[in-house]
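Here are some exercises to work through with the model open beside you. Try each task before reading its solution.

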Amino acid sequence: MPISKVEQFVELHLEWILKNYDIAKPIERNYETGEEYLYLGRKYTLVVVPNKYQEVHVNDDKMFVFVPYNKTAEQVLEKWRKEEAEKVFSLVLHSSFDKMSKHLTKFPSLEIKRYKARWGTCYTKKNKISINLSLIHTEVDLIEYVICHELVHFIYPNHSNEYHQFLQRYIPDEYKRRTRLKKYKCDYK
């Protein structure tokens with residue numbers, strides 16, 4: 001492609017490029033007192049406290065991170081968010097599966113992974129769904145949307161009209177939730 005075409009494209013789309021660059025830019029995080037941290041769609045202010053024991057407590061608008069001398073706040077939060085994701089995602093998966101159980105043959109296993117550009121994946125042959133760890137930072141109804149989205153792939157392995165019609169039985173506001181989910185980063189830590 002000639003350079004002049006590239007320059008023309010950039011000029012035409014510069015506003016969009018700049019806006020989306022800011023959205024895609026990774027968050028610089030130091031895991032220090034005063035930083036904002038998302039959990040289940042709410043913003044909390046981190047309060048890092050040196051402590052003998054490793055713990056995280058959420059209280060009102062603060063997230064207290066108790067950090068032993070041999071750990072970092074990042075390590076403590078990482079362990080905590082994995083544990084929280086296990087609990088929350090498992091509860092939502094069980095609830096969503098129960099709603100759809102007459103259409104699904106077998107309860108799937110749940111895997112929680114880090115993805116840079118996706119919220120979830122369905123492995124129909126392995127009877128497994130894999131959910132992005134960063135989903136723990138979004139609201140519970142968005143977690144439900146992603147899990148239901150993946151469960152429906154056991155019935156419809158594509159994104160056909162039938163797939164969306166079936167998903168809308170359980171998530172009637174599917175398109176609104178998908179739009180809301182776009183304001184979150186798949187690689188949030």
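**Exercise 1. Decide whether cysteine 122 is buried or exposed, then find out whether it takes part in a disulfide.**

Solution. Please keep in mind that this is a predicted model.

Step 1: Start with accessibility. Cysteine 122 has a relative accessible area of 17%. Buried means under 20%, so cysteine 122 is buried.

Step 2: Look for a partner. Searching the whole structure gives zero disulfides. Cysteine 122 is in none, and the nearest cysteine sulfur, that of cysteine 148, is 12 Å away. The cut-off for the two sulfur atoms is 2.5 Å.

Step 3: Turn to cysteine 186. Its closest cysteine sulfur, in cysteine 122, is 17 Å away, which is too far for a bond. Cysteine 186 also counts as buried, because its relative accessibility is 15%.

Step 4: Place cysteine 122 in its strand pair. It stands opposite isoleucine 129 in β7. Strands β6 and β7 run antiparallel and are joined by four bridges.

**Exercise 2. Work out the strand order of the sheet that contains β5, β6 and β7, and find the helices that pack on it.**

Solution.

Step 1: Trace the order. The three strands form an open sheet, β5-β7-β6, with mixed pairing.

Step 2: Identify the edges. These are β5 (109–113) and β6, each of which pairs on one side only.

Step 3: Check the turn between neighbours. With direction ignored, neighbouring strands are turned by 20° against each other on average.

Step 4: Add the helices. Helix α2 packs on the sheet and touches β5 and β7, its direction making about 140° with that of β5. Helix α3 lies across β6 and β7 and runs at about 150° to β7.

Step 5: Visit the loop between β6 and β7, where lysine 125 is found. Lysine 125 counts as exposed, because its relative accessibility is 84%. Its C-alpha atom is 23 Å from that of leucine 91, and the two residues are 34 apart along the chain.

**Exercise 3. Judge how far α3 is enclosed by the rest of the structure, and name what its buried residues pack against.**

Solution.

Step 1: Take the dimensions. Helix α3 (residues 140–152) has 13 residues and spans 18 Å from its first C-alpha to its last, close to the 18 Å expected at 1.5 Å a residue.

Step 2: Count the buried residues. Eleven of the 13 are buried, so α3 is largely enclosed by the rest of the structure. Among them are Leu142, Tyr145, Cys148, His149 and Val152, as well as the glutamates Glu144 and Glu150.

Step 3: List the surroundings. The buried residues of α3 pack against α2 (73–100), β6 (120–123), β7 (128–132), α4 (161–170) and α5 (174–181).

**Exercise 4. Describe the four-stranded sheet and its hairpin of β3 and β4.**

Solution.

Step 1: Follow the order, which is β1-β2-β4-β3 in an open sheet with mixed pairing. The edge strands β1 (36–39) and β3 each pair on one side only. From one strand to the next, the twist averages 35°.

Step 2: Zoom in on the hairpin. Strands β3 (residues 55–59) and β4 (residues 62–67) run antiparallel and are joined by five bridges. Histidine 57 faces phenylalanine 64 in β4, standing opposite it.

Step 3: Inspect the connection. The hairpin has two residues between its strands, and aspartate 60 takes a positive phi near 55°.

Step 4: Add the helix. Helix α2 lies across β1, β2 (42–50), β3 and β4, at about 115° to β4.

**Exercise 5. Classify the aromatic pairs that involve phenylalanine 166.**

Solution.

Step 1: Begin with the total, since the whole structure holds six aromatic pairs.

Step 2: Take tyrosine 156 and phenylalanine 166. Their rings are 6.0 Å apart centre to centre with 55° between the planes, a tilted pair. Tyrosine 156 sits in the loop between α3 and α4, and phenylalanine 166 in helix α4, ten residues apart.

Step 3: Compare the accessibilities. Tyrosine 156 counts as partly exposed at 26%, whereas phenylalanine 166 counts as buried at 4%.

Step 4: Take phenylalanine 166 and tyrosine 170. The ring centres are 5.5 Å apart and the planes at 55°, so this pair is tilted. The two residues are separated by about one helical turn, because they are four residues apart in helix α4. Both are buried.

Step 5: Finish with a cluster, formed by Tyr39, Tyr44 and Trp80.

Key
Residues numbered from 1 in each chain as written. Predicted model: local features only at pLDDT ≥ 70, side-chain atom pairs only at ≥ 80, totals over all residues. Heavy atoms only, no water. Expected span 1.5 Å × (residues − 1). Buried < 20%, exposed > 50% of the residue type's maximum accessible area, 1.4 Å probe, protein only. Contact = heavy atoms within 4.5 Å. Pairing = 2+ DSSP bridges. Axes fitted to C-alpha atoms, helices over the stretch in contact; angles between N-to-C directions. Phe/Tyr/Trp six-rings, centres within 6.5 Å; stacked < 30°, edge-to-face > 60°.
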